[in-house]
Amino acid sequence: MARFWFCAAGAGFFLVYLVLHSRFCGSPVFREFVFQISWRTEEILYRLDVSWPKNSEYFTGTTFCVAVDSLNGLVYVAQRGDNIQKVLVFTEDGYFLRSWNYTVDTPHGMFAASTQHEQSVWITDVGSGFYGHTIKKYNSFGDLVQVLGTPGKKGTGLNPLQFDNPAELYVEDTGDIYIVDGDGGLNNRLIKLSQDFRMLWLHGENGTEPAKFNIPHSVTLDSAGRVWVADRGNKRIQVFDKDSGEWLGEWNNCFTEEGPSSVRFTPDGNYLIVAQLNLSRLLFVAAPPVGSIGNCTVISSIQLADQVSPHFLDVSGNSGAIYVAEIGAKQVQKYVPLNSYFPSSHS
């Protein structure tokens, strides 16, 4: 019996040592070990829906981005490759509807922005061809509706507006547009445009200081009017007021291993979902209350297989389901929430 208690005490002191060493000495080996231990105690919020999509054979290229049209129950996927259809359209249930390729060069990010009167999707294009370095709006059948930027010409200009490797955008219900421009190109900018494409405010310098960026890769909004930007190269998330553009704070304590690639909120607004590309991991981070940014607190995570590489994700406002575009696995996967956590409501 004495030997048992001696062993138990020794194991306990060893675990305490690992935690303290990880926190104060920064050992990556110990940090990974402790992370695995804490992961087992996390709340399980989502599970993989292995039945989505019904027709995975349509993934014939590298799947870079995904967008959910919750109003019409559609899921858009954009992929890269030669002699393939660049945009695929599925139902949220996983049935393939159609595909198209018109004027799509090298898709990077996308956002579905439908209204009661219009089904549409925006795509950021980082290609070097005639339609490259632009952000384009299409209807659901692939007809080109609007082009932002100077087609085929990268640049830093604001009048006329130019992009260089625009990463992603977010479109509010009001029609206002938030753009992160700079997936490794000339620009490191966060731009807000009005619904008639007038410049409302801009943060646009490379750097590590507040409101400066190093590869701003993803952008989203919460219900409190805050703009959240995945500042991937700086390993942090920066937060701004949507009306004034004022810098409100940043999170960096969750991203010591790798910066965030994609950010979206759950429909109830309680969690920010963050994709980490090279770690092949999704984090569920507690959303802060109105008036406070505080520190990043991970509530749950999903560890994907090695080299799956989740690039962008989007969330259904109807079911709370997460759709993840994986450039390593060359597919989009769907994760569905456990009903006890997320009501089916918009935030």
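In the predicted model, H311 lies in strand β22, which spans residues 310–315. The relative accessibility of H311 is 4%. Buried means under 20%, so H311 counts as buried. A polar atom of the H311 side chain lies 2.8 Å from the backbone oxygen of F64. F64 is also one of the residues that H311 touches. Beyond residues up to four places away in sequence, the other contacts of H311 are H108, H217, S261, S262, L277, A325 and I327. Two histidines, H108 and H217, are thus among the residues touched by H311.

One of these histidines, H108, falls within the residue range of strand β6, residues 107–112. Six of the six residues of β6 are buried, so this strand is largely enclosed by the rest of the structure. Strand β6 pairs with strand β7 (residues 120–125). The pairing is antiparallel and runs over five bridges. Within it, M110 has I123 of β7 as its bridge partner.

I123 also appears among the contacts of I135. I135 is found in strand β8, residues 134–139. With a relative accessibility of 0%, I135 counts as buried. Setting aside neighbours within four places in sequence, I135 is in contact with W122, I123 and T124. Further contacts of I135 are Q146, V147 and L148. F163, P166, L169 and I179 complete the set. T150 is 15 residues from I135 along the chain. The C-alpha atoms of I135 and T150 are separated by 9.4 Å.

Definitions and conventions:
Residues numbered from 1 in each chain as written. Predicted model: local features only at pLDDT ≥ 70, side-chain atom pairs only at ≥ 80, totals over all residues. Heavy atoms only, no water. Helix = DSSP H or I, 4+ residues; strand = E, 2+ residues; numbered from the N terminus. Buried < 20%, exposed > 50% of the residue type's maximum accessible area, 1.4 Å probe, protein only. Polar contact = N/O pair within 3.5 Å; in protein donor to acceptor, adjacent residues only side chain to side chain. Contact = heavy atoms within 4.5 Å. Pairing = 2+ DSSP bridges.
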